[in-house]
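Colleague: I'm new to reading structures and would love a close look at one part of this one. Could you pick an inner piece, walk me through it slowly, and then show me how the rest of the chain is arranged?

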Amino acid sequence: MDDELLLGFLQKKMMLVRWIESMVGVGIDPDLCKSLKSGTVLCFVTKMIDDDLIPFIHDSKHTYKQIENLNMFIQVCKEMHVPLLRQIIYDDFVQGNIVKVVECIFLFVTECFKQYDIKPFPEVKISEVKSNMPSAEEINVIQEQLKLSQKFVLAGKVRVSDEVFRRTLTYLMSTNKEFNMEDFEKTISKAQAYFRRFFAKNEMNALKKKSAFRLKVTQEMVKTEEDYVRYLREGMDKYVHIIENYVKRGVLKTDTVEVIFSDLEKIYAFNKGFCESLKKATKDLAPNTAWISVYKQIEGVKEVYTIYMNNYSLSLKRVEEIMCIDCVKDALDEEKQNGKDVSSYLIMPVQRLPRYVLLLNELLKRTWETHPDYALLKEMITLVKTVTTEINENKTKADNARKPVNVLDKYKHGKFTDLVNEEIYYECDLKHKTTKVVLIMTNTYLYIATNDVIKYAFPMNRIVLLPCNSRKDAFKIRVGKKTKVKLIGCKLSRDFGVIKMVEGILRKNNAQEMNKMVASLPITAEETRKNEIKNKSEADVFIQRDVDVETELMKRLKDNNSKIGVYNRRDTPLTNDQLPFVTVIVKGPAQQKLVSRASCIPESFEDSDKKCVKKDRNSDVFSLTISSKPSLSSTPVVTTSTPQANKKERKASVADSTLKLSKNGGNNDLTRTMLRQKGPAEIIDGHRLKNTLGMDIYSFTELEKHPDGIDKDDLVFHLSDEDFVELFDADFKMFKEWKSWRQQSEKQKSGLW
């Protein structure tokens, strides 16, 4: 039994180490007390699951900073409902309590898997565990910790419902003649005082975490506002003078600057003032400081942003047009270098208003109801949402009211009677010989008009536009091998970007036709196989072994601006039965299903014939038994065998089972009654199972009848390991270390004598 418990723990530890490495992509020391002591890795993995679980991570070698990291992780464990007896503290890492560390983190990951779509634990076989056994000294330490942990869990108190408490109290008052109500009331008073202190401490830790999150969100508000104002100024300084220069030289239309940048200067002035007010309000911020009223200035956003938002679509379209002109594109790209392009700056005001709503909602989540800012914060969120909605509605109305201009609505068709009235994509002024003409571009045709009358119409898919060799300010339209028209522009831009625009339209049309054709073709088996190989190779995780794990993780955290969450919350949390790596079903005497809540044994641990019996010394299959009491690696949940049991019966069953668990063993009437209800011991192929002493296992009821061939002094040693611990609150080894008179007294008290 000890060997099975040891192998199960080592298997669980290997699964946990590999899971952490697959999450962070960096190798860690298998000694988890050493590699996880600072709390950096634990907090990093927690932030990967959800950024909102951890406010920040301390990058420090100082002990008090490491303790603060671990306190944040422990607070998350409480929020994830990890049992109190399983939670760890900093001293567990210092003292090398590896069993408690592994148990706590394993249960935490299990609870996270129920709520988030994170990776499951990797499969680790027992044969692999045996080939990587630790030293004999480490094994002895682990075994001692396993025994202490098991004893601690068995001796711990179980949280019970009102119904169970009432039944227990009734039983004590009716059966125990020495029951003293006065002592009982004193005990209850002490327990109440303890729990009041416990919950007050928990509430204080939760407030500390919320305060840390509030500070972080507030700092992010100020920083993003500063960056926004700086980028607005930077974008105007970099690109406005370039575009104005080409407008003066006749390359761009005279209204280009006004169309592209619109009211961006007014937006910059407004947000600069708001940024100064925000920094002033949040200077030397304390946890209970009220500062959110500064967001009342957002009421003025509507007047400033409305014109810009309404013209945003026209602005982007004009940017696409000027980027087709080579000289303008080269000048803008040279100014850009490794920075942002024009479109990146123009979209910032559009994204800023929804960003305010997100930041204020994030702050509200971290603000408690008694905070001075709580009520006003809700008002500010409503205000910003209202302003943002109104601006978006105005933008939608402006876009809808801006009807596209069709070619035949603006120009006369001339001699062409079969033209399609298409939307005008682009038009510009050129010269044909000495006559001023207008070049009009649609999705399928290129037109040339004079005095609002169409003179030429060329299908897009039949023409080629080429620059002239003789002159640097003209280009020609060729159909087949013949040049039809030669148009004159200027020396800086002979075609005003028309050649690139036509090429772009043709590529777009060809791509649409190709997509339609490819979509109609069936996917071949070879393509399916290649896709599977590609997906498989992308899924493989490369683990770095030659770097310092904490340095690498803090570098990633800084590079990603503390935003490293990559997993989504499940729509419906999983139940214990749906966990792919923790479920083991064992049939008990009453044909009940005991489902392990956090078992370390994966599905591959079971043999194909579903018999959990150890076959040989080198086999991966073991005999499994689960006690009705909480064990080190599992907390059984009892489910009645009748699937149609109604709600009332299930409640009674749970209450009865919890009442049994709440007694935590002991050589008394209640424990012996529970043992009698277990039924006869299991017999396989005519042979009884053996306990750790090598004795045949009998049930408590069978031993009360004094079977033949068993000496009365040895009756208790024929109990199973679980029944023995349940009866005496000690295993066989601890029992034999007791004084002989105590052993004799316990045997007589149990009735097995």
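Modeller: Let's start with helix H3, whose buried residues are Thr40, Val41, Leu42, Cys43, Phe44, Val45, Thr46, Lys47, Met48 and Ile49. Please keep in mind that this is a predicted model. H3 spans residues 40-49, and ten of its ten residues are buried, so the rest of the structure largely encloses this helix.

One name in that list deserves a second look: Lys47. Its relative accessible area is 1%, and under 20% counts as buried, so Lys47 falls on the buried side. What does the side chain of Lys47 meet there? It forms a salt bridge with the side chain of Asp51, with 3.7 Å from N to O. Asp51 is buried too, at 14% relative accessibility. As a general point, side chains of opposite charge can pair when their charged atoms come close.

Now compare that with some other pairs. A search of the whole structure finds 32 salt bridges. One of them joins Arg18 and Glu128, whose closest N and O atoms are 2.1 Å apart. This pair links distant parts of the chain: Arg18 sits in helix H1 (residues 2-24), Glu128 sits in helix H7 (residues 126-131), and 110 residues separate them. Here both partners are partly exposed, Arg18 with a relative accessible area of 29% and Glu128 with 26%. Asp92 and Lys100 make a mixed pair, with their closest N and O atoms 4.0 Å apart. Asp92 is buried at 6%, whereas Lys100 is partly exposed at 24%. Salt bridges can also share partners, and in this way Asp52, Glu362, Lys365 and Arg366 are joined into one network.

Charged residues are one side of the story, and nonpolar ones are another. In soluble globular proteins, nonpolar side chains tend to be buried together. In this model the largest nonpolar core has 85 residues, among which Tyr295, Met441 and Ile477 touch the most other members. Helix H10 (residues 181-248) gives the most to this core, with 13 residues. The core also draws at least three residues from each of domain 2 (204-402) and domain 3 (423-517). What is Tyr295 in contact with, once its neighbours within four places in sequence are left aside? The partners are Met221, Phe274, Leu278, Tyr356, Leu360, Met380 and Leu383.

There is a second, separate core of 66 residues, and it brings us back to our helix: its members include Ile28, Val41, Ile49 and Phe121. Val41 and Ile49 are among the buried residues of H3 that we began with.

Nonpolar residues can also be found on the outside. Leu84, Tyr194, Phe195 and Phe199 form a nonpolar patch on the surface, with about 420 Å² of accessible area together. Phe199 lies in helix H10, the helix that gives the most residues to the largest core.

Next, follow the chain from H3 to helix H4 (residues 63-79), where Gln66 is found. Is Gln66 buried or exposed? At 9% relative accessibility, Gln66 counts as buried. Leaving aside neighbours within four places in sequence, Gln66 is in contact with Lys37, Ser38, Ser60, Lys61 and Tyr90.

Beyond H4 comes a loop that leads to helix H5 (90-94), and His81 lies in this loop. Its phi is near 65 degrees, a positive value in a residue other than glycine. For context, most residues other than glycine have a negative phi. With a relative accessible area of 59%, His81 is exposed. Ser262 also has a positive phi, near 45 degrees, and is found in the loop between helix H11 (256-261) and helix H12 (264-281). At 24% relative accessibility, Ser262 is partly exposed.

Finally, step back to the whole chain. Its secondary structure comes to 28 helices and twelve strands. Of its 753 residues, 44% count as buried. Among contacts with a separation of 6 or more, 64% come from residues 24 or more positions apart. The accessible surface comes to about 42,200 Å², and 51% of that belongs to carbon and sulfur atoms.

Methods
Residues are numbered from 1 along each chain as its sequence is written. This is a predicted model: local features need pLDDT of at least 70, side-chain atom pairs count only at pLDDT 80 or more; totals for chains, interfaces and linings use all residues. Side-chain values use heavy atoms; hydrogens and water are left out. A nonpolar core is a set of buried Ala, Val, Leu, Ile, Met, Phe, Trp, Tyr and Cys residues joined through side-chain atoms within 4.5 Å. Buried means under 20% relative accessible area, exposed over 50%, partly exposed in between (1.4 Å probe, protein chains only). Helices (H or I, at least four residues) and strands (E, at least two) are DSSP runs, numbered from the N terminus. Domain bounds come from an automatic or database domain assignment. Contact means heavy atoms within 4.5 Å. Accessible areas come from the Shrake-Rupley method with a 1.4 Å probe; for residues, only the protein chains shown count as cover. Patches are made of residues with over 30% relative accessible area and no salt bridge: like charges are joined within 9 Å, nonpolar side chains (Val, Leu, Ile, Met, Phe, Trp, Tyr) within 5 Å.
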